[in-house]
Amino acid sequence: MLPLSWASSTTACGATAGIALIARPLAARLPGPRAVRETAAVTLAAQIGESFNSYGRHTGLRTAVIFGGVGQGPQVQAIRSGAAILVATPGRLIDLMDQKLVDLRGIQFFTLDEADRMLDMGFIEPIRRIAKAVPTKRQTM
């Protein structure tokens, strides 16, 4: 059983803005991704990525939006270029983890967007696998 707690909103703006503001000082000190925001829908991942870019435009944080169905090259490049925040669908994130192209050991914020919907859609095993890859000392929303 995962010790999960989450916040939910229609647009997810509050959580997005909060993570963008909190992650900035952490990202400045440490290399690699500091936050992962999981979502089941590609369209929602793109919307969240745009929100991070908008809210964090003056913070210097880079965001990578990761989802399947397209070539992974630009997504891997975004990660390698210093993305502090990953907005990802579970399948593509696990694929990149298996290829050793993404390292989640520095994650300090793990957010499940629309967690109830993700669980209803059968994403419990991918969520568990990703949760095991991030440090136990983290904020889970």
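1. Helices here are DSSP runs of H or I with at least four residues, strands are runs of E with at least two, and both are numbered from the N terminus. With that in hand, we can place Lys100: this residue sits in the loop between helix 4 and strand 4. Its phi is near 60°, a positive value in a residue other than glycine. Is Lys100 buried or exposed? Lys100 is exposed, at a relative accessible area of 72%.

2. A word on confidence before going further, since this is a predicted model. The mean pLDDT of the chain is 81, and 77% of the residues score at least 70. The stretch to treat with care is residues 1-11, where the pLDDT is below 50. In the model this stretch has 14 contacts beyond near neighbours in sequence. Where pLDDT is low, predicted coordinates should not be read in detail.

3. Now the overall layout. The chain has 6 helices and 5 strands, and from the N terminus on these run α-β-α-β-α-β-α-β-α-α-β. Of the 141 residues, 45% are buried. Taking contacts between residues at least 6 apart in sequence, 69% join residues at least 24 apart. The accessible surface comes to about 7,300 Å², and carbon and sulfur atoms account for 55% of that area.

4. How many residues does the largest nonpolar core have? There are 26, and the ones with the most contacts inside this core are Leu86, Leu93, Val102 and Leu104. Two or more residues each come from strand 2 (63-66), helix 3 (73-80), strand 3 (85-88), helix 4, strand 4, helix 5 and helix 6. Helix 4 gives the largest share, with 4 residues. Apart from this core lies another one, of 11 residues, which includes Ala45, Ile48, Ile85 and Val87.

5. Leu86 is a good residue to click on if you want to look around the largest core. Setting aside neighbours within four places in sequence, Leu86 touches Pro33, Ala35, Val36, Arg37, Ala64, Ile66, Ile79, Val102 and Leu104. Two of these, Val102 and Leu104, also appear among the residues with the most contacts in the core.

6. Helix 4 deserves a point of its own. Its buried residues are Pro90, Arg92, Leu93, Ile94, Leu96 and Met97. Please note Arg92 in that list: this arginine counts as buried. What do the buried residues of helix 4 pack against? Their partners are strand 1, strand 2, helix 3, strand 3, helix 5 and helix 6. The helix is followed by Lys100, the residue with positive phi from the opening point.

7. Helix 3 has a clear inside and outside. Gln75, Val76 and Ile79 are its buried residues. Seen down the axis, they fall within an arc of 100°, so they line one face of helix 3. An α-helix has 3.6 residues a turn, so residues three or four places apart point the same way. The face turned away from the buried side carries the exposed residues Pro74 and Arg80. The buried residues of helix 3 pack against strand 2, strand 3 and helix 4. Just after helix 3 comes Gly82, which takes a positive phi of about 105°.

8. Helix 6 (residues 124-133) can be read in a similar way. Pro126, Ile127, Ile130 and Ala131 are buried. They lie on the same side of helix 6, because they cover an arc of only 135° around the axis. These buried residues pack against strand 1 (35-38), helix 4 (90-98), strand 4 (109-112) and helix 5 (115-120).

9. Finally, the loop between strand 4 and helix 5, which holds Asp113 and Glu114. Asp113 is buried, with a relative accessible area of 6%, and its side chain makes a polar contact of 2.7 Å with the side chain of Arg37. The C-alpha atoms of Asp113 and Ala41 are separated by 9.6 Å, with their places 72 residues apart along the chain. Why does Glu114 count as partly exposed? Its relative accessibility is 26%, which falls in between the limits of under 20% for buried and over 50% for exposed. The phi of Glu114 is near 50°, again positive in a residue other than glycine. Glu114 also lies 6.9 Å from Thr39, C-alpha to C-alpha, though they are 75 residues apart in sequence.

Technical notes:
Residues numbered from 1 in each chain as written. Predicted model: local features only at pLDDT ≥ 70, side-chain atom pairs only at ≥ 80, totals over all residues. Heavy atoms only, no water. Buried < 20%, exposed > 50% of the residue type's maximum accessible area, 1.4 Å probe, protein only. Arc of directions from axis to C-beta. Contact = heavy atoms within 4.5 Å. Core = buried A, V, L, I, M, F, W, Y, C linked by side-chain atoms within 4.5 Å. Areas by Shrake-Rupley, 256 points an atom, 1.4 Å probe, with all protein chains shown as cover. Polar contact = N/O pair within 3.5 Å; in protein donor to acceptor, adjacent residues only side chain to side chain. pLDDT = per-residue confidence, 0-100.
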